[in-house]
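Work through the two exercises below with the coordinates at hand. Each task is followed by a solution in steps.

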Amino acid sequence: QVQLVESGGGLVQPGGSLRLSCAASGFTFSNYAMRWYRQAPGKRSELGAAISSDGTPDYAGFVKGRFTISRDNANERVYLQMNSLKPEDTAVYYCNSATYPTGWGQGTQVTFSS
């Protein structure tokens, strides 16, 4: 059974940092590219970052230079290090595979405090 469990979200101030984690199971994680999406309230989901099976990253323009995606194939995890966070980064963040039908996890919420 394929499972994705996101964690690491929370309350953050502008300019702060968070590290999101996605634990995957039920498929051969190391063979597949992974992605981080986000969905802000009232908006469509958008792709933020992707990483190939061999670790090559790719980023959407709005996160480039601020977010870093990485993966640990031995522990079947993908990470998103988020720095210089902005209020517009408020969203629920999800991971999934780009090339395997994993479906979606429950997501992890990133919220800003004033």
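Ala, Val, Leu, Ile, Met, Phe, Trp, Tyr, Cys and Pro count as nonpolar, Asp, Glu, Lys and Arg as charged, and the others, Gly among them, as polar. The model is predicted: local features need pLDDT of at least 70 and side-chain atom pairs pLDDT 80 or more, while totals for chains, interfaces and linings use all residues. Residues are numbered from 1 along each chain as its sequence is written, and side-chain values use heavy atoms, without hydrogens and water.

**Exercise 1.** Find the largest cavity and classify its lining.

Step 1. A search of the whole structure gives 1 cavity of 30 Å³ or more (a set of points on a 1 Å grid over the protein atoms alone where a 1.4 Å probe fits but cannot get out).

Step 2. The largest cavity holds about 40 Å³, the volume being the space filled by probe spheres set on the points.

Step 3. Its lining (residues with an atom within 4 Å of a point) includes W36, R38, E46, A49, F67 and Y93.

Step 4. Sorted by class, the lining has 8 nonpolar, 1 polar and 2 charged residues.

**Exercise 2.** Place the lining in the strands (DSSP runs of E, at least two residues, numbered from the N terminus).

Step 1. Strand 4 (34-39) and strand 5 (46-51) each give at least two lining residues; strand 5 has the largest share, 4 residues.

Step 2. These two strands pair antiparallel over 5 bridges (pairing needs at least two DSSP bridges), and W36 stands opposite A49 in strand 5.

Step 3. The open sheet has 6 strands in the order 2-10-9-4-5-6, with mixed pairing. Strand 2 (10-12) and strand 6 (57-59) are its edges, each pairing on one side only.

Conventions
1 Å grid on protein atoms, 1.4 Å probe; cavity = no way out; pocket = protein on both sides within 12 Å on 5 of 7 lines; lining within 4 Å.
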